[in-house]
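Here is a short report for a reader who is new to this structure. Look over the sequence and the model, then read on.

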Amino acid sequence: MSNEMNTMDIHEIIKFLPHRYPFLLVDRVLNYTIGEGHTGELQGLKNVTVNEPFFQGHFPVKPVMPGVLLLEGMAQACGLLAFKSMSEQPPGDNVLFYFAGIDKVRFKRIVEPGDQIHYHVKMIKERRGIGVFEAIAKVDGELACSAEIMCARREI
């Protein structure tokens with residue numbers, strides 16, 4: 001693996017992910033490294049604001065980011081790593097990564113407006129278009145969520 005810092009701003013992220021507002025949940029990639037055999041690691045972040053549309057109903061009295069959206073943000077970080085590990089070029093419009101499985105999910109801390117989520121994802125292995133990732137989300141250095149995520153590459 002290279003020690004060079006590889007970053008992505010929002011303009012590059014939207015070239016690699018099909019998600020758009022309000023469902024794009026990665027604001028910046030702080031660093032990624034690509035290893036042999038489509039392995040690698042990626043660190044990204046999401047700034048959580050009170051203007052997020054889900055806070056209107058989850059929950060009006062005490063806004064809390066839904067856990068499924070925390071997992072979705074982690075999966076989007078995994079998708080970025082998967083695409084980057086295959087090519088430095090953005091994928092065509094006919095390639096997507098879908099959830100294939102989520103295991104060992106644990107929620108440890110709520111995420112609320114004003115928090116900054118730091119995603120840390122690591123590709124453990126890739127076989128026949130299915131990647132297996134270890135993923136965690138932290139806020140202020142404290143674990144908010146962890147999971148093992150499987151994503152399948154498919155042409156549409």
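Is Val50 buried or exposed? In this predicted model, Val50 has a relative accessible area of 56%. That value is over the 50% cut-off, so Val50 counts as exposed.

**Around Val50**

Val50 sits in a loop. That loop runs between β2 (40-47) and α2 (67-86). Leaving out residues up to four places away in sequence, Val50 touches Phe55 and Pro113. Val64 is 14 residues from Val50 along the chain. The C-alpha atoms of Val50 and Val64 are 9.7 Å apart.

**The nonpolar core**

Next comes the interior. The largest nonpolar core holds 41 residues. Within this core, Met74, Leu80 and Ile117 touch the most other members. Several elements give two or more residues each: α1 (10-16), β1 (28-34), α2, β3, β4 (116-127), β5 (130-139) and β6 (142-155). The largest share comes from α2, with 11 residues.

Met74 deserves a closer look. Which residues does Met74 contact, leaving aside neighbours within four places in sequence? The list is Tyr119, Val121, Ala135, Ile136, Ala137, Cys145, Ser146, Ala147 and Ile149.

**Cysteines**

A disulfide is a covalent bond between the sulfur atoms of two cysteines. How many disulfides does the count give? The count comes to zero. Cys78 is in no disulfide. The nearest cysteine sulfur to that of Cys78 belongs to Cys151 and is 5.3 Å away. A disulfide needs the two sulfur atoms within 2.5 Å, so the 5.3 Å between the sulfurs of Cys78 and Cys151 does not qualify. Cys145 is in no disulfide either. For Cys145, the nearest cysteine sulfur is that of Cys78, 11 Å away.

Both of these cysteines are away from the surface by the area criterion. Cys78 is buried, with a relative accessible area of 0%. Cys145 is buried too, and its relative accessible area is 0%.

**Empty space**

Rolling a probe the size of a water molecule over the atoms shows where empty space is left. The table sets out the largest pocket and the largest cavity.

| Space | Volume | Lining residues by type |
|---|---|---|
| Largest pocket | about 200 Å³ | nine nonpolar, three polar, one charged |
| Largest cavity | about 60 Å³ | six nonpolar, four polar, two charged |

Take the largest pocket, with its volume of about 200 Å³. The pocket is lined by 13 residues. Those closest to its centre are His19, Glu72, Phe97, Tyr98 and Phe99. Two elements, α2 and β3 (95-107), give two or more residues to this lining. Which element gives the most to the lining of the largest pocket? The answer is α2, with five residues.

Now the enclosed space. The count gives one cavity of 30 Å³ or more. The largest cavity is lined by residues that include His38, Ala82, Ser85, Met86, Phe97 and Cys151. Also in the lining are Met123, Glu126, Gly129, Ile130, Gly131 and Arg153. Two or more lining residues come from each of α2, β4, β5 and β6. The largest share, three residues, comes from α2.

**In brief**

The helix α2 recurs throughout. It gives the largest share of the core. It also gives the most to the pocket lining, and the largest share of the cavity lining.

How values were computed: Residues are numbered from 1 along each chain as its sequence is written. This is a predicted model: local features need pLDDT of at least 70, side-chain atom pairs count only at pLDDT 80 or more; totals for chains, interfaces and linings use all residues. Side-chain values use heavy atoms; hydrogens and water are left out. Helices (H or I, at least four residues) and strands (E, at least two) are DSSP runs, numbered from the N terminus. Buried means under 20% relative accessible area, exposed over 50%, partly exposed in between (1.4 Å probe, protein chains only). Contact means heavy atoms within 4.5 Å. On a 1 Å grid over the protein atoms alone, a cavity is a set of points where a 1.4 Å probe fits but cannot get out, and a pocket is an open set with protein on both sides within 12 Å along at least five of seven lines; lining residues have an atom within 4 Å of a point. Grid points are joined across faces, edges and corners, and a volume is the space filled by probe spheres set on the points. Ala, Val, Leu, Ile, Met, Phe, Trp, Tyr, Cys and Pro count as nonpolar, Asp, Glu, Lys and Arg as charged, and the others, Gly among them, as polar. A nonpolar core is a set of buried Ala, Val, Leu, Ile, Met, Phe, Trp, Tyr and Cys residues joined through side-chain atoms within 4.5 Å.
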